[in-house]
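User: I would like to learn how to read the enclosed spaces and the ligand surroundings of a protein model. Could you guide me through an example?

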Amino acid sequence: MSVESTTQLMTIGEYLIERLQAHGLKHLFGVPGDYVLGLYQMLQASPIQVVGMTREDAAGFAADACARVQGLGAVCVTYGVGGLSCVNSIAGAYAEKSPVVVLTGSPGISEREHNPLLHHKVKEFETQLEVYQKITIAAAVLSDPLTAFLEIDRVLAAAVRFKRPVYLEIPRDRLDARMVIPHTPPTEIIPPSDPNALEEAIAEGLEMLKAAHRPMILAGVELHRFGLQDSLLALAEEAGLPIASTLLSKSVISEAHPLFVGVYEGGMGREEVTRYVESADCLLLLGCMLNDIDLGIFTAKLDPARCIHATSTDIQIRYHHYQNVRLDDFIAGLRGRGLKVEHAPIPPQPLNHLLTWVAVKQAPISSARLFSRLNKMLDDQTIVVADVGDCLFGSSDLAMTKRTDYLSSAYYTSMGFALPATVGASVASSGSRVLAIVGDGAFQMTGMELSTIAKLGKNPIVIVMNNKGYTTERFLLDGPFNDIHNWAYHRIPDLLGTGAGFEVRTEDELDHALHAAKANTGSFSLLNVHLDPYDKSPALERLTKKLAERVRPR
Ligand SMILES: Cc1ncc(C[n+]2csc(CCOP(=O)(O)OP(=O)(O)O)c2C)c(N)n1
Ligand SMILES: [Mg+2]
């Protein structure tokens, strides 16, 4: 091959950026560092928007939220100090099936001779890769131009196919390495269903559903991740099947839909929803990850003999399994086969009676009343982001009228998710307005992402539930380790030079502050809502009772 034609072949960096764009990536979050500066320079010159964050773990949460809203997210971080900082948020993305691409630079291959002690190295040069191999679905170091281009294809295809995070490390002296031979990207092929297994699974599933008197659907988070919400609705509407969601999949369909029953959380959920789901004589679980939080700390009573449990990896009907049946094919296959059911009357949604919220003058605000008031202000433009703590449990009763407008770390439950995820959601869905609900403890972990929000000129409304500590934990084991310093959260706008802060102690102050925050569309608004340290939402009341039994079993 002549030198001239070789120079027209792409470099590793060019190909990587081109493939990320081909997979629909529009935004990327991170913090630069010397091992990754070359890639930063290339990204900056590309159409991908690079959003600088205050910390790498926060960048991971932002990329996760972006992936949930847009289908793919990415971080770009430096070696060691950056890569290892976002391990927790990428682990969360793995646990909750969110496809985030981790891009990291590393020392050049030529710099590694004689194993020198280069800054940011921990143990071996491969240590960071080995850590990420445990928490991603595919990982590669792009050190060899003979394999790097295929590796980029393989790793990105895995993120898209399995909806899990992936890892790509580029030694800094390999960024400009060119293809040795021309390489064209593959057309992504997700293996088709085995037609015999598919037909048998559909026939068996239909037989069970048709024989049942009260079948219904439990819609899981995979329906969102794999973009199957339309298919779910088409099936439910054709057959008249009621739908409940889980906390992790909350807002998988509009909660104003007439077939929507509520969020099912076993013994932790609203009683009428639990009763409705548990009295179904055939439950079609679609894309559910049956974790302890979603199952109300395993208080859920779901008899496998009555369940059809279809996920992206496996279909279980009663006590046996079907392999190689795709979830999309299975859902589509249940349609057009004469399935029509009569369902019991669906319990009314909580929003209907909460719309009449009126402030009780000078009454101290409680968690239950706070959520009732927040319910009143939601509209089709609102995305709710909840952190972990009473904000997560209390927000399960918020009525989300649009799809994908509720984001939380509801299974991995990492505190610190909400403010960085607010950055990701605000960037990924610029027509929406984020309502972030966060505990004071979680806010003290990552709340300074307000700085990024200020820099970007975004206008979320942030509710800090200030109960002076780790209230969720107080009910498990009380002690001074649950107390935290009381910040004047409402004065953070003074520090950042932008934003509107409100101190809220009573119902009328809350009402006033929320009206003012809604009207403040030019910057973020932050409400410091003082709550009693032992106050809790009705959902937390039910959960702590269950958890305490496990922490200190008698
Ligand atoms: C990163 C992380 N550290 C610790 C925990 C354990 N944990 C769960 S809830 C909680 C307290 C949360 O406090 P806060 O954010 O103030 O919310 P509150 O419970 O007071 O509503 C803690 C420490 C966690 N889930 N995540
Ligand atoms: Mg707290």
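**Cavities and the ligand site**

Analyst: This predicted model contains 2 cavities of 30 Å³ or more. A cavity is a space where a 1.4 Å probe fits but cannot get out.

User: How much space lies in the largest cavity, and which residues are closest to its centre?

Analyst: The largest cavity holds about 120 Å³ of space. Its lining has 14 residues, and His224, Arg225, Leu248, Lys250 and Tyr406 are the closest to the centre. Helix 9 (221-225) and strand 15 (406-408) each contribute at least two lining residues. By class, the lining comprises 6 nonpolar, 5 polar and 3 charged residues.

User: What lines the second largest cavity?

Analyst: That cavity, with about 100 Å³ of space, is also described through its lining. Among its 14 lining residues, Val263, Arg270, Pro350, Ser396 and Asp397 lie nearest the centre. The classes here are 5 nonpolar, 4 polar and 5 charged.

User: Where does ligand 1 sit?

Analyst: A pocket, unlike a cavity, is an open set of points. Ligand 1 occupies the second largest pocket. Two elements give two or more residues to its shell, helix 17 (440-446) and helix 19 (471-474). Helix 17 provides the largest share, 4 residues.

User: Which atoms of the protein lie 2.7 Å, 2.8 Å and 2.4 Å from oxygen atoms of ligand 1?

Analyst: Polar contacts are pairs of N or O atoms within 3.5 Å. For aspartate 440, a side-chain N or O atom is 2.7 Å from a ligand oxygen. Glycine 469 uses a backbone N or O atom, at 2.8 Å, and threonine 472 a polar side-chain atom, at 2.4 Å. The protein covers 79% of the 580 Å² of accessible area that ligand 1 has on its own.

Methods:
Residues numbered from 1 in each chain as written. Chains lettered and ligands numbered in written order. Predicted model: local features only at pLDDT ≥ 70, side-chain atom pairs only at ≥ 80, totals over all residues. Heavy atoms only, no water. Polar contact = N/O pair within 3.5 Å; in protein donor to acceptor, adjacent residues only side chain to side chain. Areas by Shrake-Rupley, 256 points an atom, 1.4 Å probe, with all protein chains shown as cover. 1 Å grid on protein atoms, 1.4 Å probe; cavity = no way out; pocket = protein on both sides within 12 Å on 5 of 7 lines; lining within 4 Å. Sits in = over half its atoms within 2 Å of the grid points. Points joined across faces, edges and corners; volume = space filled by probe spheres on them. Nonpolar A, V, L, I, M, F, W, Y, C, P; charged D, E, K, R; others polar.
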